[in-house]
Each structure stands twice: as C-alpha cells, then as structure tokens.
Amino acid sequence: MTARRQERNRVGPGSQFRSGIAPIALVLASLANSLWQSPAPASTTERVVVNRYTGLAIEGFDPVGYFVDAGPVIGQEGCEASQAGAVWRFRNEGNRAAFIAHPEIYGPQFGGYDPVDIARGVTVAGNPRFWLISGRRLYLFGREQTRDAFSADAARLLQEASQRWPALQQELTRY
C-alpha cells in the first residue's frame, strides 16, 4: 500500500480504522444521543395511536370509561370493537355500544395524540394515564406537563391544534 493510501485510510493519529467505518460510528452515536434527548415519538404512523404489538388503541383502556367511571379503566379482552384501524376494548357491552354509536365523542380527540404537541406541529402519542375531559371530549397527553399547559389555555391550544391536525394526519398516513 502506498504512503498516500495509508494516510487516507487513517482516521486519526495511530488509528487502525478505515475511513468508511468512522462516519458510520459517528452517525450511530449521534442518533443514539438524539433519541435520549428528544421527546418520545408517536408509537404509530396511523391517524389513531395504536400499540404496534397488540393493535390496541389507548393501550386497551376503555374510552367510554373516562366519561362514566371518571377515569381510565382497562377494557376486557372479550369486549372489543374495531374502528379507525384500531381495536378498542371496553369494560362492558353498554360502553361498547355507546362507543360504536358515537366514536367521535368517546374516542380520544386527535387520534390519541397530545394536543399540545399537535399545536406545536409534532405528533407525540398520548398516554392514557394523562387525560382530561374538556368540552365533553377526551384528550390524552404525553406528559403531565402538557396536560397542565392545556388546562391553563385550552381554547388557544385547541384552535392551534385544530389548524395543524389535518396536515399532520396527511403526514401520518404517508409513511
């Protein structure tokens, strides 16, 4: 090997790595670093947040339960319905029937994505344990802080989220 080729193949003084390997290592390190620092990405590329392993919407919690039981209640495996490409679970047949009749009321708004993040122009999956009913609609939030921010200025955030949601929906279905 010529001296010039040896020099080109070195990354740094005394390095034995070939030049093509170092950039890959840097990219992987950068990617790992960005994953640790950024908020959790949406767990789906659909219009409704769905667990990619189970196919369940809102992690199997009964969406009607937020209204009738004043909080999250796990649905039963034998009491399910499919809607919007997701499997929804319910605590009982009455909740299932109510949801089937009015999914636009009982289903989480913005497909279960955090409305505060939608207002910022990004999709972050809501957590069924961070929730709020506002204007007779269910909203899920990715973090407790975004739920609190929403409570403080719901009208403005809903207006901004509603304006951005159609474009974000298009983006979600593109992938």
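1. Which side chain does a polar contact join to the side chain of D114? The partner is T146, and the contact spans 2.6 Å. Keep in mind that this is a predicted model.

2. Where does D114 sit? The residue lies in the loop between α5 (103-106) and α6 (115-120). D114 is buried, yet no salt bridge is found for this residue. The nearest side chain of opposite charge belongs to R143, 4.8 Å away. A salt bridge needs a distance within 4 Å, so the pair D114 and R143 does not count as one.

3. What surrounds D114? Set aside the neighbours within four places in sequence. D114 is then in contact with V124, A125 and G126, and also with L140, F141, G142, R143 and T146. Two of these names return below. L140 comes up again in the pairing of β3 and β4. R143 was met above as the nearest side chain of opposite charge.

4. Now the hairpin of β3 and β4. Strand β3 covers residues 127-134. Strand β4 covers residues 137-141. The two pair in the antiparallel sense, over five bridges. Within this pairing, W131 stands opposite L140 in β4. Is β4 largely enclosed or open? Four of its five residues are buried, so the strand is largely enclosed by the rest of the structure.

5. Look at the turn of this hairpin. Two residues lie between β3 and β4. G135, in the turn, has a positive phi of about 60°. R136 is found in the loop between β3 and β4. Its phi is near 60°, again a positive value, here in a residue other than glycine. Most residues other than glycine have a negative phi. R136 is exposed, with a relative accessible area of 68%.

6. Turn to the hairpin of β1 and β2. Strand β1 runs over residues 76-83, and strand β2 over residues 86-90. They pair in the antiparallel sense, with five bridges. A81 stands opposite W88 in β2. Two residues lie between the strands, and A84 takes a positive phi near 55° in this hairpin.

7. One more positive phi deserves a check. E59 has a phi near 55°, and this residue is not a glycine. Where is E59 found? It is in the loop between α2 (21-37) and α3 (65-68). E59 is partly exposed, at a relative accessible area of 41%.

Definitions and conventions. Residues numbered from 1 in each chain as written. Predicted model: local features only at pLDDT ≥ 70, side-chain atom pairs only at ≥ 80, totals over all residues. Heavy atoms only, no water. Pairing = 2+ DSSP bridges. Buried < 20%, exposed > 50% of the residue type's maximum accessible area, 1.4 Å probe, protein only. Lys, Arg positive; Asp, Glu negative; His and termini not counted. Polar contact = N/O pair within 3.5 Å; in protein donor to acceptor, adjacent residues only side chain to side chain. Contact = heavy atoms within 4.5 Å.
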